[in-house]
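Colleague: Could we go through this structure together, with the reasoning behind each label?
Modeller: Gladly; here it is.

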Amino acid sequence: MNILEVNHLKKYYRSPFLRRKVRAVEDISFTVKQGEIFGLLGPNGAGKTTTLKSIVGLLKPDGGEIRLFGMPLDIPQRERIGFLPENPYFYRHLTGYELLNFYAHLFKKHITAKKIKEILKMVGLEHAMHRKVGSYSKGMLQRVGFAQAILNDPDFIILDEPMSGLDPIGRKEMKDWIFKLKSEGKTILFSSHILPDVEMICDRVAIIYRGRVVSTGVLSEILQEKVRFIEVTIEGLDEKTLENFGKVIRSGDKLMLRLSSEEEKDRLVSFVVEKGGRIISVAPYRKTLEEHFMETLEAQ
Ligand SMILES: Nc1ncnc2c1ncn2[C@@H]1O[C@H](COP(=O)(O)OP(=O)(O)OP(=O)(O)O)[C@@H](O)[C@H]1O
Ligand SMILES: [Mg+2]
């Protein structure tokens, strides 16, 4: 089942200086299926935040259609979605606990103090829950923002740049939390321009650029499309002996060659063994999302 369907979404902003409309989102279409982790990828200004805000109903689209849980957006589904905004703004004078307690009261569902504390503990704010949010670091704000997004036990969680402001440990934790949500049967949509983060956790992605979707797909298919090259590291031979196999790169005692097919690699390996050299390593390099992203953008 599709949790979300976005069809030809359009959104313009009025520029007060230029006295004309500024395109934010030109034509965005994608669907998010039940139980998947979906990544919205694109460089700064691509339209990710505008798209996510339109989905949660904070912005009114200028065109296109959005369906949430199979229904048009004007049927309120607020209780079933959780949202982490890009730059969450919180009441600075509340403590982390008070802030979540405040949000808890906005929901129809009763959320216990025990549950709030559990979530704060999960996001690593157990020791800071009675400190004012105004004194939190960027990473701590991101954590409390994430806690707020999952407080209501939503079915569909939308996160705008969830890794931003987090250190490497925090990023790892955020990924673990996202996986945990998925294992509980939740659906997650998040935006990012940090490709390695996305590469690790998304089932499918949509790459957006200048307000348009330029590529959508199952990440493993996009990435395993082809092995780009196989790098073979050799010891005990000289460059001259290997020159027929292509460009030889020397690094200390070792020589490295990049081969474009399995057959060539097999030929090289047999040749090296025959000549009395040693194979140190054979490493296939797949296309990374970063490369895919750059190629997609260059093709525009
Ligand atoms: N309130 C606004 N008024 C005018 N233009 C806006 C406004 N918000 C966004 N834009 C413009 O719309 C475009 C898309 O912005 P958006 O914030 O959706 O991009 P993004 O992909 O989230 O970027 P980032 O990675 O920097 O967060 C940009 O050109 C931006 O300048
Ligand atoms: Mg944004």
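What follows is a short conversation about the ligand site, the helix packing and some backbone angles.

Modeller: First, the ground rules: this is a predicted model, where local features need pLDDT of at least 70, side-chain atom pairs count only at pLDDT 80 or more, and totals for chains, interfaces and linings use all residues. Residues are numbered from 1 along each chain as its sequence is written, chains are lettered from A and ligands numbered from 1 in the order in which they are written, and side-chain values use heavy atoms, with hydrogens and water left out.

Colleague: What makes a residue count as near ligand 1?
Modeller: One of its heavy atoms must lie within 4 Å of the ligand. There are 13 residues around ligand 1, and Gly-45, Lys-48, Thr-49, Thr-50 and Glu-86 come nearest.

Colleague: How do you know that Glu-86 makes a polar contact with ligand 1?
Modeller: A polar contact is a pair of N or O atoms within 3.5 Å (within protein, one must be able to donate a hydrogen and the other to accept it, and residues adjacent in sequence count only if both atoms are side-chain atoms). An N or O atom in the Glu-86 side chain is 2.4 Å from an oxygen atom of ligand 1, so the pair qualifies. For Lys-48, a side-chain N or O atom is 2.7 Å from a ligand oxygen.

Colleague: Why are α2 and α4 called roughly parallel?
Modeller: Helices here are DSSP runs (H or I, at least four residues) and strands are too (E, at least two), numbered from the N terminus. Axes are lines fitted to C-alpha atoms, for helices over the stretch in contact, and angles run from 0 to 180 degrees between N-to-C directions. The axes of α2 (residues 96-104) and α4 (residues 138-150) come within 10 Å and cross at roughly 25 degrees. Angles under 35 degrees count as roughly parallel, over 145 as roughly antiparallel, 65 to 115 as roughly perpendicular and the rest as oblique. That is why α2 is called roughly parallel to α4.

Colleague: And what makes α2 and α3 oblique?
Modeller: With α3 (residues 113-122), α2 packs at about 125 degrees, the axes being 10 Å apart. That angle falls in the remaining class, and therefore the pair is oblique.

Colleague: Which residue in strand β1 has a positive phi?
Modeller: His-8, in β1 (residues 2-15), has phi near 50 degrees, a positive value in a residue other than glycine. Phe-69 also has phi near 50 degrees, and is found in the loop between β4 (63-68) and β5 (71-72).
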